[in-house]
Amino acid sequence: MPELPEVEVVRRGLERWVAHRTVADAEVLHPRAVRRHLAGPDDFAHRLGGHRIGTPSRRGKYLWLPLEDTDQAVLAHLGMSGQLLVQPHETPAEKHLRIRVRFTDALGTELRFVDQRTFGGLSLHETTPDGLPDVIAHIARDPLDPLFDDEAFHLALRRKRTTIKRALLDQSLISGVGNIYADEALWRARLHYERPTATLTRPRTTELLGHVRDVMNAALAVGGTSFDSLYVNVNGESGYFDRSLDAYGREGLPCRRCATPMRRRPWMNRSSYFCPRCQRAPRVTA
Ligand SMILES: [Zn+2]
């Protein structure tokens, strides 16, 4: 799954190449790609026509295109393999092209949703007064959002009977932190993933949030180079950041701080990577 930095790279690409263009028509080539739009593919295409796209927005891993002068927005679900491409009209259709959006201007490019596995798609939603698609109104702000409330997050951690990695992945507390960046931030903060959140002091929470932001900004800095080209895409693999990872995927390799072999443990149908020396397991109190 793409994480926040990958989605932000796509958002920036869309802001550059798609914002403020008026939709001429939309063509749905595979109904599964609009299955979340209950009124069906024809209705979806019809409702987009004639509207100008506003500034693409993001919260956590959710990305949407507001339709200007309406209370509606197109939410993009990238799923495992979804890509949003801005392509010249004459570029042959991709093998897994699902949706094509043409514009009224003469820029010569169109927006394409390409998805090999068709877990992703586009859907149209009413927006809340904050401008969020209603289906994601419950999603918390992400740590790169200037309005993210560090103090409220800390107090929520203290109140909850949960462990720190679960909390980092809880989209109602903090959004946009996935498995990869959670492991990276915890390694930087020297926190074990099963540390009870109620034991975190305010300075520890502040430090952890700082590491979460640093990891995401580092990924953005690397991925940000790719949105200069016309080709906007996300492949769901976080590929361009792989070489910079300190924890995720490094089982058996020496910790970059203390050289102890890194470990991997099964965790909620995923894996947690950590250094057994830098990130001590919490003592079990029975
Ligand atoms: Zn270590």
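In this predicted model, strand β6, spanning residues 97–103, is mostly covered, with six of its seven residues buried. Strand β6 has partners in both β1 and β7, as set out below.

| Strand pair | Bridges | Orientation | Residue pair |
|---|---|---|---|
| β1 (residues 23–28) and β6 | five bridges | antiparallel | aspartate 25 and arginine 102 |
| β6 and β7 (residues 109–115) | four bridges | antiparallel | valine 101 and leucine 111 |

Within β6, arginine 102 is the bridge partner of aspartate 25, while valine 101 stands opposite leucine 111 of β7. In a regular strand, side chains alternate between the two faces of the sheet. The hairpin formed by β6 and β7 has five residues between the strands, and glycine 108 adopts a positive phi near 85 degrees there.

The zinc site is described next. The zinc ion has four protein donors, the SG atoms of Cys255, Cys258, Cys275 and Cys278, at 2.2 to 2.3 Å. Angles among the four donor atoms run from 99 to 116 degrees, and the site is tetrahedral. For four tetrahedral donors, the ideal angle at a metal is 109.5 degrees. Along the chain, the donors are spaced as C-x2-C-x16-C-x2-C. Distant parts of the chain are linked by the pair of cysteine 258, in the loop between α6 (202–223) and β9 (263–267), and cysteine 275, in the segment after β10 (270–274); the two lie 17 residues apart.

These two cysteines can also be described by their accessibility. Cysteine 275 is buried, because its relative accessible area of 0% falls under the 20% cut-off. Cysteine 258, at 22%, is partly exposed.

Methods
Residues numbered from 1 in each chain as written. Predicted model: local features only at pLDDT ≥ 70, side-chain atom pairs only at ≥ 80, totals over all residues. Heavy atoms only, no water. Donors = N, O, S within 2.8 Å, 3.2 Å for Na, K, Ca; no water. Tetrahedral: all angles 85-135°; square planar, octahedral: opposite > 155°, others 65-115°. Buried < 20%, exposed > 50% of the residue type's maximum accessible area, 1.4 Å probe, protein only. Pairing = 2+ DSSP bridges.
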